Amino acid sequence: MKKRTFIKTAALSGIGASIGMDALAALFDSKKNVSAEILAADDVFWKKIRSQYLLKTDYINFENGYYNIIPQPTLEKYIQHIRDINLHGAYYMRTVQAENKNRMAAKLAEVAGCGSDELVITRNATEALDIIIAGQDWKAGDEAVMAIQDYGSMLDMFQQVANRYGVVLKKVSVPNHPKSDEEIVSLYENALTPKTKLMMVSHMINITGHILPIKKICAMAHRKGVKVLVDGAHAFAHIQYKIKDLDCDYYGTSLHKWMSVPLGSGFLYVKKENVATVWPLIGDGNGDLSNILRLNHTGTHPPATDLAIEDAIDFYNTMGAEKKEARMRYLQQYWTSRVKDLPNIMINTPTENNRSCGIANVGIKGITPSALEKRLLKEHKIYTVAIDYANVQGCRITPNVFTSIEDLDVFVGALKIMATA
Ligand SMILES: Cc1ncc(COP(=O)(O)O)c(C=O)c1O
């Protein structure tokens with residue numbers, strides 16, 4: 001980047017602190033005795049974290065749920081990986097590519113809390129989850145359970161197996177404001193029959209940010225002999241958990257969301273005992289059914305993305321999972337608590353600590369979600385996404401660790417104007 005361009009953009013982003021992993025480590029080290037909850041509210045501190053990102057100043061980005069902008073230290077390392085691989089060409093691909101990818105998978109397994117022989121890197125969450133949905137030994141009359149609030153691509157894959165094999169789909173609807181975990185567990189339990197072969201559950205529903213009680217749902221399903229696939233696209237590196245503790249059978253996630261890996265990265269976890277029974281989406285010559293790598297064939301893909309996983313994990317670990325989660329929840333509760341009692345405002349997300357974190361959805365009675373999205377951008381320079389299906393009518397609001405309180409105050413002010421006009 002040209003020095004002049006950098007200085008201009010940096011000034012616009014309010015950069016004062018140094019950029020880089022050492023600077024980040026020093027920042028968090030200076031707060032090591034401060035609790036995650038107290039630090040979450042320290043906006044002066046988080047402004048220094050913001051300086052690790054290069055951000056547009058034309059609008060406030062509340063659509064980090066699609067793709068988390070990569071912080072500068074990760075971006076620089078990613079660009080260096082692209083240069084290095086290009087220098088070596090096929091030599092890289094034929095010698096260390098696979099070994100490096102497996103090393104990245106092992107690092108991810110450590111963060112995710114599972115065996116390194118139970119996790120493969122995929123190109124995104126869709127690929128991870130679709131491997132499991134398409135890869136079951138489906139028979140006509142088998143049943144599968146999912147929710148209408150689940151992500152569209154997975155619902156499409158379930159529909160494809162229904163059309164192809166005669167699988168019967170049972171869809172539940174998750175309430176936006178459940179009274180208890182048991183209400184959610186019963187909802188899924190009531191959809192199960194002796195014919196149910198697979199149940200998919202979102203760890204964090206993408207349109208609302210609602211966190212579901214996965215551990216309790218898995219325990220219930222296992223009592224009935226049903227395998228559980230968890231869609232963790234929004235949960236991984238956003239909230240803290242270990243996959244082993246959830247005790248699910250399969251877990252798929254994106255890494256370009258909350259882990260802030262460059263675009264085109266995800267992983268699939270398959271509990272060891274299930275590996276041999278899954279059909280791969282892309283054929284692979286590995287004859288050992290118990291080796292999860294046979295689910296990992298992709299053809300040629302950009303390996304620099306794989307290498308950046310390690311850099312993104314370093315950034316995440318330096319920040320600390322607990323501090324990140326606390327900041328994300330603080331940001332969400334900051335704005336929801338200021339608007340929830342305004343006339344016409346509908347918060348479509350449960351805001352209790354155990355049921356949501358950084359993401360929440362808001363609607364305004366009398367304004368369609370798409371009109372709300374457009375007006376937020378045009379009148380207030382706030383970028384969001386409209387959601388208008390299932391029981392959710394509103395805009396999804398996804399801040400990031402770099403979101404400032406000033407950004408949220410602009411949003412709260414905008415909602416006040418629109419809700420009371
Ligand atoms: C809940 C959920 N599942 C799956 C996906 C698909 O993720 P990807 O784009 O990484 O395939 C998304 C993407 O937003 C999502 O929100």
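This report describes the fold, the main sheet, the nonpolar core and the domain arrangement of one chain in a predicted model.

## Overall fold

The chain contains 16 helices and 13 strands. Its radius of gyration is 22 Å, close to the 22 Å that the globule rule gives for 421 residues, so the chain is as compact as a globular protein of that length. The C-alpha trace spans about 60 × 60 × 40 Å along its principal axes.

Of the 421 residues, 42% count as buried. Among contacts between residues at least 6 apart in sequence, 71% join residues that are at least 24 apart.

## The seven-stranded sheet

An open sheet of 7 strands follows the order 2-8-7-6-5-3-4, and its pairing is mixed. Strand 2 (119-122) and strand 4 (168-172) stand at the edges with a single partner strand each, so one side of each is left without a neighbour in the sheet. From one strand to the next, the twist averages 15°.

Within this sheet, strand 5 (residues 196-202) and strand 6 (residues 227-231) run parallel and are joined by 5 bridges. One bridge pairs serine 202 with aspartate 231, the latter lying in strand 6. Helix 11 (residues 214-223) packs on the sheet, where it touches both strand 5 and strand 6, and the direction of helix 11 makes about 160° with that of strand 6.

## The nonpolar core

The largest nonpolar core has 105 residues, and Val228 and Tyr269 are those with the most contacts inside it. Helix 13 (residues 303-319) supplies the largest share of this core, with 8 residues. Because domain 1 (3-63 + 320-420) and domain 2 (79-314) both give residues to the core, it lies between them.

Leaving aside residues up to four places away in sequence, tyrosine 269 touches Ala112, Cys114, Glu118, Leu119, Ile243, Tyr250 and Tyr251. In soluble globular proteins, nonpolar side chains tend to be buried together.

## Domains and their contact

The chain is divided into domain 1, which is made of two segments (3-63 + 320-420), and domain 2, which covers 79-314. The centres of the two domains, taken over C-alpha atoms, are separated by 27 Å.

Across the boundary, 21 residues of domain 1 are in contact with 16 residues of domain 2. On the side of domain 1 that touches domain 2, the elements giving two or more residues are helix 14 (321-339), strand 10 (360-364) and strand 13 (392-397). Helix 14 gives the most to that side, with 4 residues.

Note on methods:
Residues numbered from 1 in each chain as written. Predicted model: local features only at pLDDT ≥ 70, side-chain atom pairs only at ≥ 80, totals over all residues. Rg over C-alpha atoms; globule rule 2.2 N^0.38 Å. Buried ≥ 20, exposed ≤ 12 C-beta atoms within 10 Å, placed from the backbone. Contact = placed C-beta atoms within 7 Å. Pairing = 2+ DSSP bridges. Axes fitted to C-alpha atoms, helices over the stretch in contact; angles between N-to-C directions. Core = buried A, V, L, I, M, F, W, Y, C linked by C-beta atoms within 7 Å. Domains from an automatic or database assignment.
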